[in-house]
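Colleague: I should like to understand how the terms used for a protein model are justified. May I ask about them one at a time?

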Amino acid sequence: MKVIFLDNDGVICLSSNWGGRSKKWSRYRSENPESSRELKDAPVTVRFDDFDKKAVSILNEVLQETGAEIVVSSDWKLHGNLEELGEYYESQGIIKKPIATTPDLYDFDEGAAGLYRWKGWKEKERILEIQKYLELNPEITLWVAIDDLNMSPEYNQGHGLKNFVLTPRSNEGIKQSGIKEKLLEYLT
């Protein structure tokens with residue numbers, strides 16, 4: 001099995017799209033004044049920012065060329081369940097729904113999660129979540145994590161992910177030159 005551990009913000013939801021959900025929420029509330037005042041109760045298409053169409057196209061090319069599956073590592077997993085995320089991915093043009101999300105660090109290491117969140121070590125938190133998923137799913141033969149958080153071993157004192165692709169420019173994400181090729185190297 002081949003897997004892409006996919007972050008959304010800074011990878012396929014680019015900085016130019018951030019904040020779009022606020023506009024969607026305002027429009028939804030004005031069109032549905034009797035609806036719940038809780039964003040979590042709104043349709044999934046209202047709760048999330050839009051994906052960049054070109055970024056989605058590149059992701060789809062990688063999925064088609066490799067046959068990889070998507071596992072959501074993004075913190076969007078905290079704001080929608082797997083089915084909702086799948087519906088949203090599909091509505092945004094992604095050709096495959098995610099098969100899973102990485103486990104939340106609180107579910108398997110409560111003490112570490114509090115420490116990492118308190119210190120702002122989002123990278124370390126996400127590294128541990130991906131490592132836990134890999135540990136629980138030994139059938140994965142090839143994998144890569146793509147994120148705008150730097151999860152490389154060099155950046156994390158040797159404790160990062162060896163199969164990692166960084167998208168350092170949040171306005172370009174997966175569209176950055178050479179990113180697709182790096183993903184393909186890990187998955188083929």
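The conversation below takes several descriptive terms in turn and sets each against its criterion.

Colleague: What kind of model is this, and what pattern does the protein follow along the sequence?

Modeller: The model is predicted. The protein contains 8 helices and 5 strands, and along the sequence they follow the pattern β-α-α-α-β-α-β-α-α-α-β-β-α.

Colleague: Why is serine 57 called partly exposed?

Modeller: Serine 57 belongs to helix H3, which covers residues 53-66. Its relative accessibility is 30%. A residue is buried under 20% and exposed over 50%, with partly exposed in between; serine 57 therefore counts as partly exposed. For the protein, buried residues make up 48% of the 188 residues.

Colleague: What separation is found between the C-alpha atoms of serine 57 and lysine 175?

Modeller: These C-alpha atoms are separated by 9.2 Å, while the two residues are 118 residues apart along the chain.

Colleague: What makes a group of residues a nonpolar core, and how many residues has the largest one?

Modeller: The members must be buried residues of certain kinds, Ile among them, joined through side-chain atoms within 4.5 Å. The largest such core has 30 residues, and Ile4 and Ile174 have the most contacts inside it. Among the elements that give two or more residues to this core are strand S1 (2-6), H3 and helix H8 (179-187). H3 gives the most, with 6 residues. Another core, of 14 residues, lies apart from it, and includes Phe5 and Phe164. In soluble globular proteins, nonpolar side chains tend to be buried together.

Colleague: How do you know which residues isoleucine 174 touches?

Modeller: A contact requires heavy atoms within 4.5 Å. Leaving aside residues up to four places away in sequence, isoleucine 174 touches several residues, including Val11, Ala55, Ile146 and Leu183.

Colleague: Why are the buried residues of H4 said to lie on the same side?

Modeller: The buried residues of H4 are Leu85, Gly86, Tyr88 and Tyr89. They cover an arc of only 165 degrees around the axis, and therefore they lie on the same side of H4.

Colleague: What makes the pairing of asparagine 81 with glutamate 83 at the start of H4 a polar contact?

Modeller: A side-chain oxygen of asparagine 81 reaches to within 3.1 Å of the backbone nitrogen of glutamate 83. The limit for a polar contact is 3.5 Å between N or O atoms, so this pair satisfies the distance criterion. After H4 comes glycine 93, with a positive phi near 95 degrees.

Conventions
Residues numbered from 1 in each chain as written. Predicted model: local features only at pLDDT ≥ 70, side-chain atom pairs only at ≥ 80, totals over all residues. Heavy atoms only, no water. Helix = DSSP H or I, 4+ residues; strand = E, 2+ residues; numbered from the N terminus. Buried < 20%, exposed > 50% of the residue type's maximum accessible area, 1.4 Å probe, protein only. Arc of directions from axis to C-beta. Polar contact = N/O pair within 3.5 Å; in protein donor to acceptor, adjacent residues only side chain to side chain.
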